[in-house]
Amino acid sequence: MPRKVIQWATGSVGRAAIECIQNHPDLQLVGCWVHSPDKDGRDVGEILGTAPIGVTATSKMEEILDTPADAVLYAPLLPQPREVEALLRSGKNVVTPVGWFFPEGKNTADLEAACRIGGVSLHGTGIDPGGATEIFPLVLSSMTSSVTFVRAEEFSDIRSYGAPDVVRHIMMFGAPPEQAAAGPMLGLLDGGFRQSVRMILDTLGFDDSPEIRTSHAAAVATAPIDSPIGMIEPGLVAAQRFHWEAVVDGNVVVRIGVNWLMGSENLEPAWSFGPEGQRYEIEVHGDPDANVTIHGWHAVNFADGLLRNPGIVATAAHCVNSIPYVCDAAPGIRTAVELPLVAGRAHPKLLG
Ligand SMILES: NC(=O)c1ccc[n+]([C@@H]2O[C@H](COP(=O)([O-])OP(=O)(O)OC[C@H]3O[C@@H](n4cnc5c(N)ncnc54)[C@H](OP(=O)(O)O)[C@@H]3O)[C@@H](O)[C@H]2O)c1
């Protein structure tokens, strides 16, 4: 019998997740929560722009709680711990890209209790885009003895990120550098990337009380740069780098970062993607070293990325593929380190 799944929210991640659920041989979509009033009561296929699929979206929490299901893929804009608790208490496993992938002990007691009451698990798939800065480095580390350093970084053209309000008002692109430096982005990212750093430190057994330091740097436009948030005039922020470093005995042992550029021309400093282009880089130093560059999670051009961003599809696929393993896990908050290897499934036309 396929596992019954409810999709929570139909934004970019949610819509991609519904497609992935429909293509997964062991999963069946049985419900869908929406925030937008104009989507309430509509067939989910219509919301996706396809033929009706016989699942009606609702914005009523009670209807979701009353729908028998094995799991909820929770992907709202703003996560609400109380909603997650209610879903868990109703006996539904929750898989999500919005956090809780390596939570600190504090603030999770209510969620742990809800898991026990419902006999289910909560699993956060990670950040950026769900794995590159914690799960993948840990997988690579299994081929290395005596690890001394781990690095994972994203290099992306931020012009393909289809959330202009976030890019302008939260990421602070197009603002004067001093405003961007005082903006909310470092604090917002910190809750996620600090979990990545701690997950690597804890799993590899590094000193458990390292200094974790953060840094932010910006490059400004030297000529007008056309972007989805409008023209970025000279002197305003057109590229940013955020980094987290864990320091043990004066040595950096973990370095996690994002490098977001509005293209790679007319920037000061003259940052660029280099010959490798947009990518994720993962590096593990030890005996032996390992270096991996991931391509494919970025759009070929930023117009395509605005329509359907591969990084978002990867985020959704990781959540969907995790569902059967999370359903089989012992109740509680379960990190990727505690689950078996999560794998995808063959294309529906190639299934045996
Ligand atoms: N881990 C990762 O690598 C990763 C990657 C990408 C995104 N994310 C996270 O995943 C979540 C979804 O991302 P997304 O790209 O799908 O975002 P999105 O396209 O902006 O969609 C979010 C959806 O949330 C619902 N929503 C809107 N306003 C809301 C509110 N005030 N309260 C609750 N729900 C609201 C809407 O659902 P309806 O349209 O159904 O009404 C909206 O479409 C975000 O929290 C994002 O930060 C994580």
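This report describes the overall build of a predicted model, then one of its sheets and one of its helices.

## Overall build

The chain contains eleven helices and 14 strands. Its C-alpha trace spans about 55 × 45 × 40 Å along the principal axes. The radius of gyration is 21 Å, which agrees with the value near 20 Å that a compact globule of 352 residues would have.

Of the 352 residues, 51% count as buried. Among contacts with a separation of 6 or more, 67% are made by residues 24 or more positions apart.

## Surface and charge

The exposed area of the chain is about 15,800 Å². Carbon and sulfur atoms supply 52% of that area.

The chain carries 24 positive and 41 negative charges. The mean positions of these two sets are 5 Å apart.

## The seven-stranded sheet

Seven strands form an open sheet with mixed pairing. Their order across the sheet is β11-β8-β9-β10-β7-β12-β13. The edges are taken by β11 (267–268) and β13 (290–294). Each of these two strands has a single partner, so one side of each is left without a neighbour in the sheet.

As background, the strands of a sheet pair through backbone hydrogen bonds, either parallel or antiparallel. Both senses occur around β7, as set out next.

## Strand β7 and its two neighbours

Strand β7 covers residues 145–157. Ten of its 13 residues are buried, so the strand is largely enclosed by the rest of the structure.

On one side, β7 runs parallel to β10 (residues 251–261), and eight bridges join the two. Within this pair, Glu 153 stands opposite Gly 257 of β10. With β12 (residues 279–287), β7 pairs in the antiparallel sense, also over eight bridges. Two positions show how β7 and β12 line up: Ser 145 stands opposite Asp 287 in β12, and Arg 151 stands opposite Glu 283 in β12.

## The β12–β13 hairpin

Strand β12 also pairs with β13, in the antiparallel sense and over five bridges. The two strands form a hairpin, with two residues between them.

Which residues of β13 face Ile 282 and Val 284 across the pairing? Ile 282 stands opposite Val 292 in β13, while the bridge partner of Val 284 is Ala 290. The hairpin brings the sheet to one of its edges, as β13 has a single partner strand.

## Helix α4

Helix α4 spans residues 81–89, and its buried residues are Val 84, Glu 85, Ala 86, Leu 87 and Leu 88. One of these, Glu 85, belongs to the residue types counted as negative, and Glu 85 is buried along with the others.

What do the buried residues of α4 pack against? Their partners include four strands, namely β1 (3–8), β4 (71–74), β5 (93–96) and β6 (121–124). The buried residues also pack against the helices α3 (61–66) and α5 (109–118). After α4 comes Gly 91, which has a positive phi near 90°.

Notes: Residues are numbered from 1 along each chain as its sequence is written. This is a predicted model: local features need pLDDT of at least 70, side-chain atom pairs count only at pLDDT 80 or more; totals for chains, interfaces and linings use all residues. Side-chain values use heavy atoms; hydrogens and water are left out. The radius of gyration is taken over C-alpha atoms; the globule rule is 2.2 Å times the number of residues to the power 0.38. Buried means under 20% relative accessible area, exposed over 50%, partly exposed in between (1.4 Å probe, protein chains only). Contact means heavy atoms within 4.5 Å. Accessible areas come from the Shrake-Rupley method with a 1.4 Å probe; for residues, only the protein chains shown count as cover. The place of a charge is taken as NZ of Lys, CZ of Arg, CG of Asp or CD of Glu. Two strands pair if DSSP finds at least two bridges between them.
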